[in-house]
Amino acid sequence: MDFLKMMKQAKQMQEQMGSLQEKLAELEVEGSSGGGLVQVTMSGKGELKGLKIDPSLAKADEVEILEDLILAAHQDAKGKAEAAMQEKTQELMGGLGLPAGMKLPF
């Protein structure tokens, strides 16, 4: 492979990765648990942006259940954010024409 072509591709990849990081910062995913009783909104970078709890769960003797549901909703949103990031990365890498099996250092 031509060295100058490789350098050009590396620069292009760096620019596209910067663009991808910006898109991920803007991405918001929603996760839920308990049949929708607890919902969380999260950024593509894993920052918790919002939390909604059905008022029926606000009972003193059910706090532990509520805590578990919040954690489950957060995990659901995090999984969706990771899947979206992987999909965007695959789209980015597919357009670069890199040799099959080549892995990036990040």
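# Notebook: a predicted α-β-β-β-α model

**Layout.** I read the elements from the N terminus and got the order α-β-β-β-α. I am working on a predicted model, so I keep that label on every entry. My tally of secondary structure is 2 helices and 3 strands. The protein has 106 residues, and 23% of them count as buried.

I looked up the surface next. The protein exposes about 7600 Å². Carbon and sulfur atoms supply 54% of that area. I then looked at contacts between residues at least 6 apart in sequence. Of these, 50% join residues at least 24 apart.

**Helix α1.** I took residues 3-26 as helix α1. It has 24 residues. From first C-alpha to last it reaches 35 Å, close to the 34 Å expected at 1.5 Å a residue.

Which residues of α1 are buried? I noted Gln9, Met13, Met17, Leu20 and Leu24. I then asked what covers them. The cover includes β2 and α2.

At the start of the chain I found a nonpolar patch on the surface. Phe3, Leu4 and Met7 form this patch, with about 360 Å² of accessible area together. I checked Leu4, which lies in α1. Is Leu4 buried or exposed? Its relative accessibility is 64%, so I log Leu4 as exposed. The cut-off for exposed is over 50%.

**Strands β1 and β2.** I went to the pairing of β1 (residues 28-33) with β2. The two run antiparallel and are joined by 6 bridges. I picked Val29 and looked for its bridge partner in β2, which is Met42. β1 and β2 form a hairpin with 4 residues between them. In that turn, Gly34 has a positive phi of about 65°.

I also checked how covered β2 is. This strand spans residues 38-43, and 5 of its 6 residues are buried. I wrote it down as mostly covered.

**Ser33.** This serine lies in strand β1. Why does Ser33 count as buried? Its relative accessibility is 9%, and buried means under 20%. I listed its contacts, leaving aside neighbours within four places in sequence. Ser33 touches Val38, Leu69, Ile70, Ala72 and Ala73. Of these, Leu69 and Ala73 are among the buried residues of α2.

**Strands β2 and β3.** I moved on to β3, residues 48-53. It runs antiparallel to β2, with 5 bridges between them. I noted two pairs across this pairing. Gln39 stands opposite Lys52 in β3. Val40 has Leu51 of β3 as its bridge partner. The hairpin of β2 and β3 has 4 residues between the strands. There, Gly46 takes a positive phi near 95°.

**Helix α2.** I placed α2 at residues 63-94. I tested its length against the expected rise. At 1.5 Å a residue, its 32 residues should span 46 Å. The end C-alpha atoms are 47 Å apart, so the span agrees.

I listed the buried residues of α2: Leu66, Leu69, Ala73, Ala77, Ala81, Ala84, Leu92 and Met93. What covers them? The cover includes α1, β1, β2 and β3.

**Salt bridges.** I searched the whole structure and found how many salt bridges it holds: 2. Side chains of opposite charge can pair when their charged atoms come close.

One joins Lys49 to Glu47. Their closest N and O atoms are 3.9 Å apart, and the cut-off is within 4 Å. I checked both residues for exposure. Lys49 is partly exposed because its relative accessibility is 46%. Glu47 is also partly exposed, at 48%.

Lys80 and Asp76 make a salt bridge too, at 3.6 Å from N to O. How are these residues placed along α2? They are 4 residues apart in the helix, so about one helical turn separates them. Lys80 has 40% relative accessibility and counts as partly exposed. Asp76 has 27% and counts as partly exposed.

How values were computed:
Residues are numbered from 1 along each chain as its sequence is written. This is a predicted model: local features need pLDDT of at least 70, side-chain atom pairs count only at pLDDT 80 or more; totals for chains, interfaces and linings use all residues. Side-chain values use heavy atoms; hydrogens and water are left out. Patches are made of residues with over 30% relative accessible area and no salt bridge: like charges are joined within 9 Å, nonpolar side chains (Val, Leu, Ile, Met, Phe, Trp, Tyr) within 5 Å. Accessible areas come from the Shrake-Rupley method with a 1.4 Å probe; for residues, only the protein chains shown count as cover. A salt bridge is a side-chain nitrogen of Lys or Arg within 4 Å of a carboxyl oxygen of Asp or Glu. Buried means under 20% relative accessible area, exposed over 50%, partly exposed in between (1.4 Å probe, protein chains only). Contact means heavy atoms within 4.5 Å. Two strands pair if DSSP finds at least two bridges between them. The expected span of a helix is 1.5 Å times one less than its number of residues.
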